Amino acid sequence: MTTSRLLAALSADNFISGTRLGELLGVSRTAVWKQIQQLEQLGIEVITQRQQGYKLAAPLSLFNKAVIGQQLKENASQLELKLFSTLGSTNDEAKQLLAAGKTSKLLVLTEMQTSGKGRRGKSWVSPFGSNLALTLGFKIDADISSLQGLSLALAVELQECLNEFCSIDLGFKWPNDIYLNNKKLCGILVEVGGDFSGPFNLVLGIGLNLTKSNQFNSIEQPFICLEEAGFIIDKNLLAARLAIRIEKMLPEFLTKGFAAWQEKWNKQHLWYGKQAVLINGANKKQVEIKEVNSHGELMVINEDGQLESINSGELSLRLIE
Ligand code: BTN
């Protein structure tokens, strides 16, 4: 019995008895009970009542391979879909699959990550079913420098994709944090691997908070999910359309660069004109934030009043309130 089959049989509306679950899944009541315990270990809350059986504490929306596959097919996508219930990290999985050389275009999705990765060595919280953990992997034959600004362009693509579902106004924090109502909604992690003298492996990871989960409370910064802001979006359609969009934009990006996305990015630029501290390791300096240039670099006015472009993804910015 797989986790996904059990979850498909459970609902948040009505109780279902252990006996009925056992019949549906072809296992004993004891096996059902053990599997329910495992769901709880994944952080999925199940309400158990002696006479009535089991029900989910909150509705859970799961990935549907057929729905996503159909969308990919209808849009002539070449992405190979890899769908998991749990994974360490979708980015790591995509890197391994590309390195094994069996595929050159793939979409990795999982309901939950146990070692989700954020930028600058941070972890990314991906509770079961509550976070869209999506990675696209490509074998790319291009100069590595053509990737400059790609993570910013992905933020623009995400904003436009979400706008196909609802009217939502995101804010971008350079280089690639996506905010809603001044709280972090989404993060992007672009990684490369392989031999840079020839085709290399490009991994584009997006983590988007969808629905409420107690596990988000371990996040150390203000965060938000779409549900909390009143947006309920079909995550199968969202994942498929986002992946298709990115698959389509990537060749254009690799030839034209960030310039075609620059204006749209600057429209959502959260900290334009603000005073901030730019942190690079132990070095800190005060700057005034200007727009992002055609390479995706952040323009700032430094302490000497000069315009400077900042291009290191290792820098971090703190607003001076
Ligand atoms: C950040 O803001 O620090 C970037 C977060 C990126 C998280 C996503 S979730 C899907 C993909 N797999 C990972 O392990 N990380 C990225």
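Author: A residue counts as near the ligand if one of its heavy atoms lies within 4 Å of it. This is a predicted model, where local features need pLDDT of at least 70, side-chain atom pairs count only at pLDDT 80 or more, and totals for chains, interfaces and linings use all residues. Numbering runs from 1 along each chain as its sequence is written, and side-chain values use heavy atoms, with hydrogens and water left out.

Reader: OK, so which residues come nearest to the ligand?
Author: The ligand has 19 residues around it. From that group, the ones that come nearest are Ser 89, Thr 90, Lys 117, Arg 119 and Lys 184.

Reader: How far is the polar side-chain atom of Ser 89 from an oxygen atom of the ligand?
Author: Think of polar contacts here, meaning pairs of N or O atoms within 3.5 Å. Arg 119 uses a backbone N or O atom, 2.7 Å from a ligand oxygen, and Gln 113 has a side-chain N or O atom 3.0 Å from a ligand nitrogen. For Ser 89, a polar side-chain atom and a ligand oxygen are separated by 2.7 Å.

Reader: Which strand gives the largest share of the shell around the ligand?
Author: Helices (at least four residues) and strands (at least two) are DSSP runs, numbered from the N terminus. Helix H5 (90-99) and strands E5 (131-140), E8 (183-194) and E9 (200-209) each put at least two residues into the shell. The largest share is four residues, and they come from E8.

Reader: By class, how many residues of the shell around the ligand are polar?
Author: Asp, Glu, Lys and Arg count as charged, Ala, Val, Leu, Ile, Met, Phe, Trp, Tyr, Cys and Pro as nonpolar, and the others, Gly among them, as polar. Sorted that way, the shell has four charged and five nonpolar residues. The polar count is 10.

Reader: Where is the cis peptide bond?
Author: Look at the loop between strand E6 (171-173) and E7, where Pro 175 has its place. Omega is near 5° for the cis bond, which runs from Trp 174 to Pro 175.

Reader: What is the phi of Arg 120?
Author: Arg 120 is found in the loop that lies between strand E4 (105-113) and E5. Arg 120 is not a glycine, yet its phi is positive, at about 50°.

Definitions and conventions:
Polar contact = N/O pair within 3.5 Å; in protein donor to acceptor, adjacent residues only side chain to side chain.
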